[in-house]
Amino acid sequence: MMNRRKASMESYFSYHIGRFFLNAFGFKVASLPVKPTMWFSNMMGPQEEISIFGYPVAYLGCSCFGQTVALMIHVMSYAENLNFILSTDDDVISNPHELCNDLEQSLEIIKVAAIAKKNSEESKD
């Protein structure tokens with residue numbers, strides 16, 4: 001997936017469109033269409049456990065700092081585990097732990113439904 005994304009022209013066009021708006025209209029106008037309230041990113045991590053200087057890595061987590069968004073969700077897989085990192089604005093989202101629990105419950109429901117669908121398709125064959 002990362003190789004496909006690197007081979008695409010998305011970054012090239014994004015850079016040149018941003019540069020055009022910056023040069024043509026200035027910084028304030030160029031930044032107007034980019035006022036997100038939520039960011040979502042996903043990154044595929046290592047498929048098997050890794051170690052650094054002989055110490056096994058138990059958890060990988062990444063995030064950004066200083067962005068002016070109310071909710072930032074980072075998803076990272078590491079050694080067949082899926083990690084969610086939530087960054088929230090306390091003024092907008094009062095209870096981020098509840099949001100995290102709701103997200104976990106939703107994903108568990110999706111997982112159960114996907115397994116049930118896969119099993120029903122296999123039983124038909």
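Here is a short tour of the fold, one helix with its surface patch, and the largest pocket. The model is predicted, and the protein has 125 residues, 13% of which count as buried. Its secondary structure comes to four helices and five strands.

**Overall layout**
- Reading from the N terminus, you will meet the elements in the order α-α-α-β-β-β-β-β-α.

**Helix H2 and what follows**
- Helix H2 covers residues 10-25, and its 16 residues should span 22 Å at 1.5 Å a residue.
- The end C-alpha atoms of H2 are 22 Å apart, so the expected span and the model agree.
- Just after H2 comes Gly26, with a positive phi of about 90°.

**A nonpolar surface patch**
- Met9, Tyr12, Phe13, Ile17, Phe20, Phe21 and Phe25 together make a nonpolar surface patch of about 740 Å².
- As useful background, residues three or four places apart on an α-helix point the same way, because there are 3.6 residues a turn.
- One of the patch residues, Ile17, sits in helix H2.
- Ile17 has 49% relative accessibility, so this residue counts as partly exposed, the cut-off for exposed being over 50%.

**The largest pocket**
- If you are looking for empty space, the largest pocket holds about 180 Å³ of it.
- Its lining consists of Leu82, Asn83, Phe84, Cys100, Leu103, Glu104 and Leu107.
- Strand S5 (81-88) and helix H4 (96-124) each give at least two residues to this lining.
- Helix H4 provides the largest share of the lining, with four residues.

Methods
Residues numbered from 1 in each chain as written. Predicted model: local features only at pLDDT ≥ 70, side-chain atom pairs only at ≥ 80, totals over all residues. Heavy atoms only, no water. Expected span 1.5 Å × (residues − 1). Patch = residues over 30% accessible without salt bridge, like charges linked within 9 Å, V, L, I, M, F, W, Y side chains within 5 Å. Areas by Shrake-Rupley, 256 points an atom, 1.4 Å probe, with all protein chains shown as cover. Salt bridge = Lys/Arg side-chain N within 4 Å of Asp/Glu carboxyl O. Buried < 20%, exposed > 50% of the residue type's maximum accessible area, 1.4 Å probe, protein only. 1 Å grid on protein atoms, 1.4 Å probe; cavity = no way out; pocket = protein on both sides within 12 Å on 5 of 7 lines; lining within 4 Å. Points joined across faces, edges and corners; volume = space filled by probe spheres on them.
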